[in-house]
Amino acid sequence: MNNALIIGQYVPGDSLVHRLDPRTKITIIFFFVFIVFLANNVASYGILTVFALASMFTSKVPIRFIIKGLTPVWFLIIFTFILHLFVTREGTVIAEFWIFKIYSGGLIQGIAISFRFFLLILVTSLLTLTTTPIEITDAIEDMLHPLKRFKFPVHELALMMSISLRFIPTLLQETDKISRAQASRGVDFKTGPVKERIKAIVPLLVPLFVSAFKRAEELAMAMEARGYQGGEGRTKLRELKIERRDIFIFILFAFVIAGLFMARTYS
Amino acid sequence: MRKKLVEFRNVSFRYGDEGPWVLKNCSFEIYENEWVAIIGHNGSGKSTIAKLLNGLLFPQEGEIIIDGKQVNEASIWSIRKEVGMVFQNPDNQFVGATVQDDVAFGMENRGVPRDEMKKRITETLSAVRMQDYRLIEPHRLSGGQKQRVAIASVLAISPKVLILDEATAMLDPSGRKEIMDTVGSIQHLNGLSLITITHDLQEVVQADRVIVMNSGEIWKEALPREIFREKDALRKIGLDVPFVAILADELKQAGVNLQAAPLNHEELLEDLWTLHSKT
Amino acid sequence: MDITFKNVTYIYQQNTPFAHKAIEDLSFHVESGSILAVIGHTGSGKSTLIQHLNGLSVPTEGEVSIGEYRLSKDHKLKDMKELRSRVGVVFQYPEHQLFEETVAKDIAFGPQNFDVPESEINRRIKEIIPAVGLPESILERSPFDLSGGQMRRVAIAGVLAVKPDVLVLDEPTAGLDPRGQKEIMDMFYKLHKEQGLTTVLVTHSMEDALKYADRILILNKGTKFMEGTPEEVFEQKEALQSVQLDVPESVQFLSKFEKRFGHAIPFQKQSVEEIAQTIQQIIKGAESR
């Protein structure tokens, strides 16, 4: 049963992509999001595709996990395609039926835009597939560090995130337990009119809140007993370290960007 | 002379100014390298003692001295360094994302350098035999394993006093045994004094001394063996009487002339054997 | 109501990479009006077994029958509610299921879901409150203002108010102090006898199994490891220890006694007093020799 409770979609592994510093991955994705929109011809798309596919294969994440990750967005990708296909009125008419005219420009636009979308999702989902939530938290804490000067509670935010992550499986188990108990008392969560089903949530939510508050209180006490007094003067066990491989990847990525600009200009 | 580590001087406590007294005029002392069990029914005030010991609560009357320092607002952070605590619910005290993060939490709070942390994580996880679980997330651990990690987390800050506040109450028998074995094996580590709070008389057998609480007062302070003799009185204050004590009592009534109050099966059998072979 | 498990197998998340067998080929029978104690470690399949008793889970293979209700892969009940009104389940830490504003409303919640008329519900509440050892003054209070022990009793009252024929108890005394444990178990035993219930008690306590159960079922890794009367089961000390389960203390003592004195005292569920007398005779026997 516990297996169903794996948080996020992290797929354990030991590939180069897994071992990269999470900050490296986040930074590269950040820039990738921008440069995807700079692609304007087959060559430039080609470069981005090679980069995305290379990352995917290096990560050794089984294809089915990636496809599973894409399922919720297939609809969006197809919708974007169709929208562009029908709305764009450039180039020559290549097909015509009823009131619709499909232009060659529309077809190209549709393919290009939805392909951009696909690349974006592929690369971002690689982040969550190869990085544990706690690593992402660490990276965010570190990258937001400069905001501390403006009294932004960076440490508190990161602690909140990591405690939330820690308690997700616990609360899921609890939800499961309470819904079973209430079902045994005759609550029907699955059938009946919508109004009844909404009403059925109350006996589930109230106990969940009560227990979450109790947990929070006990956890706060346990943290205090263990000497927690805020971020001041704290050391950290988890340490992010930029290694040679991170630098290598940055250089490689710089070439990708350079290649992209060349492809834009010279073709 | 043994060093006095904990002292309660006429301590009384209640929640708010109007509430009933949860603790009434309690005084006791606990020494270095000593294992004291505090036992009592639910609501007898035993857990309040634990919270007073490391400044999670403060008494209205009396004073609490830990290793020569009085517990008050000003001293709590240094007191908490010396008094470590393991609570009842294994889930609600696990802070870290993995076992090693949880052990590190207390050390991080105290600014322990990274290399030192790593060393102590290895040491304390071995002491509770959880060294193979360093990178495991809490939801993959059993209750007993989580409590062992909690013990390791406390040991990592090398406290002088370790309190287990009903740390076994939510565990199954095998989890309970895990914890009692662990506690038995770490007890003589660096002269730690150990306070176990429980309502299970089986768990006081190994202690050096027992404090029995009843309705906020110290009902009795004695050796486990002496406590076991008070069969009827124990029942009256809502505690269970161990099988050995009941059997010894029945044997006496059946006319078997037992010498002492036995603490476990082996002692009783030994006693019976002596009687048996004398004749 | 009779309960029968016939070759029941249950697979969690079947057809996914996470599929695993929680129960495998499990068969047993609980006679109407008796108490079955189910014992096993965490992960032995106890919770899955409980979920089959009121249709929270349906067997992947095999068949479960509870009275006239039958549950199998091919035979799903149209009205699960009816079964659930006849089988009351007290889950572990049942106080976690409380949610209403007042104790009375919370107790009434179950019966209301099963369409028991309001006047009948009120009558039942009056009857149940003293039976679970609570004062009537508690009815209008919020369940969240009560002590842990009282909350548990309120939750139990909420299950009993449905008037089930089968009572399923999942470690009903967990977390209580010795007095509370004894009071709760004695209360269930009394109800069981008075109302002719069929009771399934899931427990870690060998002492309770010995004291209250007519039969004992030992689960290990999802399969039946042993089944029989307390005397039959606890006789097999070595087998139980091979799956890290203990026998009751009296049985432990008798076996140690046998080792030391070379004189067997067979375990027949005798009282401590009877054990003491037997021992006394053995020792006296030695004197007269």
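Which residues in α9(B) meet C:E249, C:S250 and C:F253 in α10(C)? In this predicted model, the residues to look for are B:F243, B:V244 and B:L247. By class, the contact brings together four nonpolar residues, one polar residue and one charged residue.

Let's step back to the two helices themselves. Helix α9 of chain B covers residues 243–253, and helix α10 of chain C covers residues 249–261. Two packed helices are described by the angle between their axes and the distance between the axes. Here the axes come within 10 Å and cross at roughly 65°, and the crossing of α9(B) and α10(C) is right-handed.

Now stay with chain C and move to strand β8, which spans residues 198–202. This strand is mostly covered, with five of its five residues buried. If you follow the side chains along β8(C), you will find C:T198, C:V200 and C:V202 pointing one way, while C:T199 and C:L201 point the other way. Both sets are buried.

The neighbours of β8(C) are worth tracing too. Strand β3 of chain C, residues 35–39, pairs with β8(C) in the parallel sense over four bridges; here C:L36 has C:V200 as its bridge partner. Strand β7 of chain C, residues 166–170, also pairs with β8(C) in the parallel sense, over five bridges, and C:V166 stands opposite C:T198. To get from β7(C) to β8(C), the chain passes through helix α6 of chain C, residues 178–195, in a β-α-β crossover that is right-handed.

Conventions: Residues are numbered from 1 along each chain as its sequence is written. Chains are lettered from A and ligands numbered from 1 in the order in which they are written. This is a predicted model: local features need pLDDT of at least 70, side-chain atom pairs count only at pLDDT 80 or more; totals for chains, interfaces and linings use all residues. Side-chain values use heavy atoms; hydrogens and water are left out. Axes are lines fitted to C-alpha atoms, for helices over the stretch in contact, and angles run from 0 to 180 degrees between N-to-C directions. A crossing is left-handed if the near helix is turned anticlockwise from the far one by less than a right angle, and right-handed if clockwise. Contact means heavy atoms within 4.5 Å. Ala, Val, Leu, Ile, Met, Phe, Trp, Tyr, Cys and Pro count as nonpolar, Asp, Glu, Lys and Arg as charged, and the others, Gly among them, as polar. Buried means under 20% relative accessible area, exposed over 50%, partly exposed in between (1.4 Å probe, protein chains only). Two strands pair if DSSP finds at least two bridges between them. A crossover is right-handed if, with the strands pointing away from the viewer, the path from the first strand over the helix to the second runs clockwise.
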